[in-house]
Amino acid sequence: MATVESPDVRQPDRPVDQSGAAAGYRARATLPFWAEVRRQAARRRTQLTLGFMVLLPLIVLIAFEFDDGDDDNGGGEFASLVELATTGGLNFALFTIFVSSTFLLVVAVALFCGDTVASEASWGSLRYLLAVPVPRARLLAVKLAAALAYSGLSILVLAATALLVGTLRYGWSPLRSTVAAEIPAGEGTLRLLGILGYLAVVLLIVASLAFLLSVSTDAALGAVGGAVLLWILSSILDQITALGVLRDFLPTHFSTAWLGLLSTPMQTDDVVRGCVSALAYATVFLSLTFWRFTRKDVTS
């Protein structure tokens, strides 16, 4: 009796290129930057953070409206800054940046950069992104770029809102400070932009540290809180004069060097040192981040 051979039901092998990848696969096409930007824009924490950057200048403005001038706002330098804040839009924006730079902006940057990878791990979606497959280095690069973009946007939104509402309420006038003579409005605007640029560079330390913690833990709150707490600890240690020259190597030592941009003439020595320090710290932290993530087992 003749036997009938069964048909070969095996699927044909999928063509591959010389690197072993499937034909048509391009690593650069996975997880596009704008796709990650849209994903982050849809998240509640992004919307609330940017919304608060708009709300804060309005809160400060309302607080000034209720100030009857009977007290001295605590006296000293802070009282002088409060008085200058109501003399024009540039001065109001400068005051808002001053009161936000020590904590609020630190938290915002830590939130954007510390939550981005850890939250994916806590949701269990990180391993699925890597299975697409998205190369690990590309995943980190895209997420870091999006987080830094939103961090920079938050700084700009805060400053732009403060400048707008301050100008509408107090008018357009020269920039004044407690460390220099009056600065013309045009030049004052450029100096304000310089201050924002310097703050963005300094906050790279927070961003890179939070990003490092984000790939080291599945708890987003731990990554964000850890970066903020270490920044606060560095600020406290920087106040201890007994540490001497060691304070120069603390991440926060040059965090207020932007005040030199308000002096006449501008004092940029500490600004340059601060930029070099921030870039050095950011390079170390980000190198550790990529080294750590490309070698760890991702199980969540």
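Let's start with charged side chains: a search of the whole structure, which is a predicted model, turns up 10 salt bridges. One of them joins the side chains of Asp115 and Arg43, with 2.7 Å from N to O. This pair ties together distant parts of the chain, since the two residues lie 72 residues apart. Asp115 belongs to helix 5, which covers residues 104-115. Arg43, for its part, sits in the loop between helix 1 (33-41) and helix 2 (44-65).

How far can you trust each part of the model? The pLDDT of the protein chain averages 85, and 82% of the residues score at least 70. Among the elements of the chain, helix 10 (residues 204-214) has the highest mean pLDDT, 96, while helix 3 (residues 76-85) has the lowest, 67. Now look at the beginning of the chain. Over residues 1-11 the pLDDT is below 50, and this stretch has zero contacts in the model beyond near neighbours in sequence. Residues 16-21 also stay under 50 in pLDDT, but here the model has five contacts beyond four places in sequence.

Next, find two helices that pack together. Two packed helices are described by the angle between their axes and by the distance between those axes. For helix 9 and helix 12 (residues 269-293), the angle is about 30° and the axes are 8 Å apart. Which residues of helix 9 meet helix 12? They are Tyr198, Val201 and Val202, and their partners in helix 12 are Asp270, Val271, Gly274, Cys275, Ala278 and Leu279. Sorted by class, this contact has seven nonpolar residues, one polar and one charged.

Helix 9 also leads us to the largest pocket, which has a volume of about 260 Å³. There are 16 residues lining this pocket, and the closest to its centre are Thr102, Trp231, Ser235, Ser255 and Thr256. Helix 9 (185-202) and helix 11 (220-238) each supply at least two residues of the lining. Which helix gives the most to the lining of the largest pocket? That is helix 11, with four residues. By class, the lining has seven nonpolar residues, eight polar and one charged.

Finally, follow the chain onward from helix 11. Pro265 is found in the loop between helix 11 and helix 12. The peptide bond leading from Thr264 to Pro265 is cis, and its omega is near -5°.

Conventions: Residues numbered from 1 in each chain as written. Predicted model: local features only at pLDDT ≥ 70, side-chain atom pairs only at ≥ 80, totals over all residues. Heavy atoms only, no water. 1 Å grid on protein atoms, 1.4 Å probe; cavity = no way out; pocket = protein on both sides within 12 Å on 5 of 7 lines; lining within 4 Å. Points joined across faces, edges and corners; volume = space filled by probe spheres on them. Nonpolar A, V, L, I, M, F, W, Y, C, P; charged D, E, K, R; others polar. Axes fitted to C-alpha atoms, helices over the stretch in contact; angles between N-to-C directions. Contact = heavy atoms within 4.5 Å. pLDDT = per-residue confidence, 0-100. Salt bridge = Lys/Arg side-chain N within 4 Å of Asp/Glu carboxyl O.
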